[in-house]
Amino acid sequence: MQDNATEVTAAGIARLAGVGRAAVSNWRRRHADFPKPVGGTETSPAFALAEVEEWLRAQGKLAEVPLRERVRQQLAGHPEGPVTGLLHAGCVLLLLHARPTVWLEISAGSDDRLARLLPGHLEQVLTARFGARRTPAVRVPDPAALRPSAPLLRGAVDLAAELGARQTYEYLLGRHLDANPRQYTLTPAGLAALMAELAGPARTALDPACGTGALLRAVAPAPEQTLYGQDGAPELAALTALRLALHSPAVIRVAVGDSLRADAHDSLRADVVLCHPPFNERNWGHEELAYDPRWEYGLPARTESELAWVQHALARLKDGGTAVLLMPPAAASRRSGRRIRADLLRRGTLRAVVALPVGAAPPHGIPLHLWVLRRPDRTPAQPRVLLVDTGAAAAEGRGGPDWQAVREAVLDTWRDFERTGTAEERPGVSRALPVVELLDDDVDLAPARHLPPPAPDGGADRLIEVRARLGETLRLTADLAPPAAALTPQPAVDLARPPVTTVGELARGGALVLRTGGTGGPHGRVLTDHDVLCGDAPSGTLPDAGEEPVLLQAGDVVLPVLGGGPAARVVDGATAGAALGRHLTLLRPDPAALDPWFLAGFLRGSANHRRASSYASTSARLDVRRLRLPRLPLEQQRRYGRRFRELARFEEELRLAGRLGAQFVRGMYDGLTDGSLPPE
């Protein structure tokens with residue numbers, strides 16, 4: 001059944017048809033029968049998805065809307081908002097997962113019948129899965145609320161037949177989170193996995209600020225396991241409960257409410273507590289909770305909301321239980337929290353502080369910390385605390401850190417420390433420090449302030465090596481610079497007159513294949529738009545979307561479509577096999593018709609780029625199909641291609657020279673200031 005209530009924006013229409021937004025604007029002007037807006041605003045109108053699909057198919061611009069795209073558009077255009085659509089879809093997917101035959105019975109017939117029969121069956125499944133609670137996180141929607149969701153629910157069940165119920169919900173949730181990055185504070189999957197591994201196995205685990213459920217989802221399965229969560233945002237608590245119920249057979253107990261002011265699990269004593277608390281909150285309940293029994297280590301100051309969460313986590317642990325919290329670095333050194341930090345150290349409760357690389361989690365501009373705490377069952381005679389700094393694993397580009405390097409640096413050291421009470425000292429990386437050495441006036445726990453410094457980039461020998469490489473690179477760069485004869489003006493190829501073609505025409509004629517990036521399941525190597533602009537190796541990640549990513553092949557040409565200026569990259573053997581990231585378009589030329597270097601070179605022309613770009617108030621978007629290039633025989637294309645390849649190598653050597661120069665200067669400053677290099 002068509003969904004006339006679901007709306008789609010111009011950007012959504014462009015995705016459906018595989019074109020740029022400029023093409024959609026052109027269709028609206030040129031075709032009187034183009035569907036009229038049914039909502040939105042004058043500057044961002046919304047259209048009925050069913051009408052748009054019918055028009056595209058009639059124009060021959062669309063054979064069939066892919067099921068995933070249809071369901072995604074139904075979710076994004078839900079009349080009550082995508083969160084409501086997600087909640088309804090999650091409930092039905094849970095019903096399908098628990099009682100598939102029930103869905104077959106009630107889905108036969110009209111949408112009105114489906115909406116009327118669903119609530120009773122959902123009541124049984126939700127109560128069995130989440131328990132009979134006075135204020136449940138997931139409430140059973142009534143028939144009137146379910147009726148607008150019926151087309152989405154049918155589409156989600158069809159998609160579950162392809163992907164499975166869990167993967168379908170992860171796909172829809174992932175698309176919603178990607179589309180609204182400013183509304184949610186997300187815990188990256190690599191960080192969640194590290195925190196769960198530090199905490200260890202658990203039959204009972206709690207996240208008192210569960211958000212979208214990433215931390216509880218990372219807890220390793222265990223027999224007779226129960227996962228507890230709480231969040232002050234009702235929609236997040238509900239989304240998390242459904243996500244966990246579809247992900248794990250564990251008993252799920254998720255509540256709505258502020259854990260500090262209205263703790264729903266006040267009698268719980270869990271094996272593990274994982275928490276990514278809100279940072280820098282002033283209104284966390286300092287005055288009304290002044291005499292709360294949870295402040296075993298001291299009443300936190302109004303500016304120390306994070307220390308309130310630390311003590312809340314400890315209060316919900318059983319003796320010997322472990323808590324891992326993500327903390328802002330200021331919590332390790334603010335003077336207002338030094339008394340609580342000192343008591344945590346004296347009693348052996350704070351076991352480790354791990355400084356993460358910049359970019360590990362929001363806010364990405366600062367190196368966040370992990371605090372590993374244990375509710376003591378006895379006071380150690382000579383307590384030590386493990387300090388680890390993983391800053392060296394930070395990524396050079398915008399991609400996240402090297403999580404494998406972080407895990408190796410942290411987990412191996414932590415396990416040695418757990419087993420023996422100490423750990424091998426590694427300059428600049430880790431040290432097991434006696435607590436008494438930290439109990440000064442500041443009680444500063446920042447690892448970098450207590451670790452012995454490493455030798456500056458390998459010492460003087462390393463600087464000699466960098467200097468030699470820099471000299472060699474500068475000589476090679478000079479050799480690669482185009483000779484003066486090549487810079488003599490020649491008659492230009494006039495792209496404004498025939499023979500000329502466009503990328504769109506080449507795609508329609510089969511000379512190349514055009515694909516867009518940003519979809520797919522998790523992949524170890526993802527090429528981002530930043531990687532293309534900076535010439536870096538693949539550094540990004542893709543969310544678990546339950547679909548196949550677009551994988552790169554040698555000879556592909558990749559272009560960023562959002563800002564950044566003219567850029568195009570020919571994929572080499574080292575980059576082949578990586579996934580295509582968001583805001584990138586891939587062109588896969590037929591080698592019998594197009595030379596990839598010729599294609600990439602002409603697509604980088606500034607005038608060509610300006611002609612194919614459209615501009616919003618704060619950004620530029622490239623319509624790749626409008627980019628032009630001359631129609632030339634393959635042999636002549638290869639002549640251009642060889643010159644473009646030489647320019648690309650010259651550009652790469654310039655980047656390398658810049659990096660080596662910066663590394664050499666930094667090493668000289670470090671060596672002169674720490675005394676390892678003489679001033680003469």
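**Figure 1. Strand β8 is mostly covered in this predicted model.** Of the 11 residues in β8, 8 are buried. The strand runs from residue 317 to residue 327, and it has a paired strand on each side in the sheet order, β7 and β10. With β7, the pairing is parallel and is made over 5 bridges. A good place to start looking is Ala-270, which stands opposite Leu-317 in β8. With β10, the pairing is antiparallel, over 6 bridges. Here you can look for Met-327, whose bridge partner in β10 is His-369. Strands of a sheet pair through backbone hydrogen bonds, in either a parallel or an antiparallel sense.

**Figure 2. The sheet around β8 is open and holds 9 strands.** Follow the strands across in the order β6-β5-β4-β7-β8-β10-β9-β11-β12, and you will find that the pairing is mixed. Which strands stand at the edges? They are β6 (251-256) and β12 (430-434); each has a single partner strand, so one side of each is left without a neighbour in the sheet. From one strand to the next, the twist averages 15°. Further inside this order, β4 (residues 204-207) and β7 (residues 270-275) run parallel and are joined by 2 bridges. Ala-205 has Val-272 in β7 as its bridge partner.

**Figure 3. A right-handed β-α-β unit is made by β7, helix α14 and β8.** Trace the chain from β7 through helix α14, residues 305-315, and on to β8. The loop between β7 and α14 contains Asn-280. What is the phi of Asn-280? Its value is near 55°, which is positive even though this residue is not a glycine. Most residues other than glycine have a negative phi. Asn-280 is exposed, with a relative accessible area of 53%.

**Figure 4. Helix α11 lies across β7, β8 and β10.** This helix covers residues 189-199 and runs at about 155° to β8. Which residues of α11 are buried? They are Leu-191, Ala-192, Leu-194, Met-195, Ala-196, Leu-198 and Ala-199. An α-helix has 3.6 residues a turn, so residues three or four places apart point the same way. The packing partners of the buried α11 residues include the strands β7, β8 and β10, and also the helices α12 (214-218) and α16 (403-420). Just after α11 comes Gly-200, with a positive phi of about 90°.

**Figure 5. Helix α13 lies across β5 and β6.** Here the helix spans residues 234-247, and its angle to β6 is about 175°. Strand β5 covers residues 226-231. The loop between α12 and β5 holds Glu-224. This residue is not a glycine, yet Glu-224 has a positive phi of about 50°. Is Glu-224 buried or exposed? With a relative accessible area of 66%, Glu-224 is exposed.

**Figure 6. A cis peptide bond links Pro-362 to Pro-363.** Most peptide bonds are trans. For this one, omega is near -5°. You can find Pro-363 in the loop between β9 (350-355) and β10.

**Figure 7. Helix α5 spans residues 82-98.** Its 17 residues reach 24 Å from the first C-alpha to the last, close to the 24 Å expected at 1.5 Å a residue. Several residues of α5 are buried, among them Gly-85, Leu-86, His-88, Ala-89, Cys-91 and Leu-95.

**Figure 8. Ile-106 is buried in helix α6.** The helix covers residues 100-107. Ile-106 has a relative accessible area of 3%, and buried means under 20%, so this residue counts as buried. Which residues does Ile-106 touch, leaving aside those up to four places away in sequence? They are Leu-95, Arg-113, Leu-114, Leu-117, Leu-118 and His-121. One of these, Leu-95, is also a buried residue of α5. His-121 is 15 residues from Ile-106 along the chain, and their C-alpha atoms are separated by 9.5 Å.

**Figure 9. The whole chain has 22 helices and 22 strands.** Stepping back from the close-ups, buried residues make up 50% of the 680 residues. The chain exposes about 31,700 Å², and carbon and sulfur atoms supply 51% of that area. Among contacts with a separation of 6 or more, 72% involve residues 24 or more positions apart.

How values were computed
Residues are numbered from 1 along each chain as its sequence is written. This is a predicted model: local features need pLDDT of at least 70, side-chain atom pairs count only at pLDDT 80 or more; totals for chains, interfaces and linings use all residues. Side-chain values use heavy atoms; hydrogens and water are left out. Helices (H or I, at least four residues) and strands (E, at least two) are DSSP runs, numbered from the N terminus. Buried means under 20% relative accessible area, exposed over 50%, partly exposed in between (1.4 Å probe, protein chains only). Contact means heavy atoms within 4.5 Å. Accessible areas come from the Shrake-Rupley method with a 1.4 Å probe; for residues, only the protein chains shown count as cover. Two strands pair if DSSP finds at least two bridges between them. Axes are lines fitted to C-alpha atoms, for helices over the stretch in contact, and angles run from 0 to 180 degrees between N-to-C directions. A crossover is right-handed if, with the strands pointing away from the viewer, the path from the first strand over the helix to the second runs clockwise. The expected span of a helix is 1.5 Å times one less than its number of residues.
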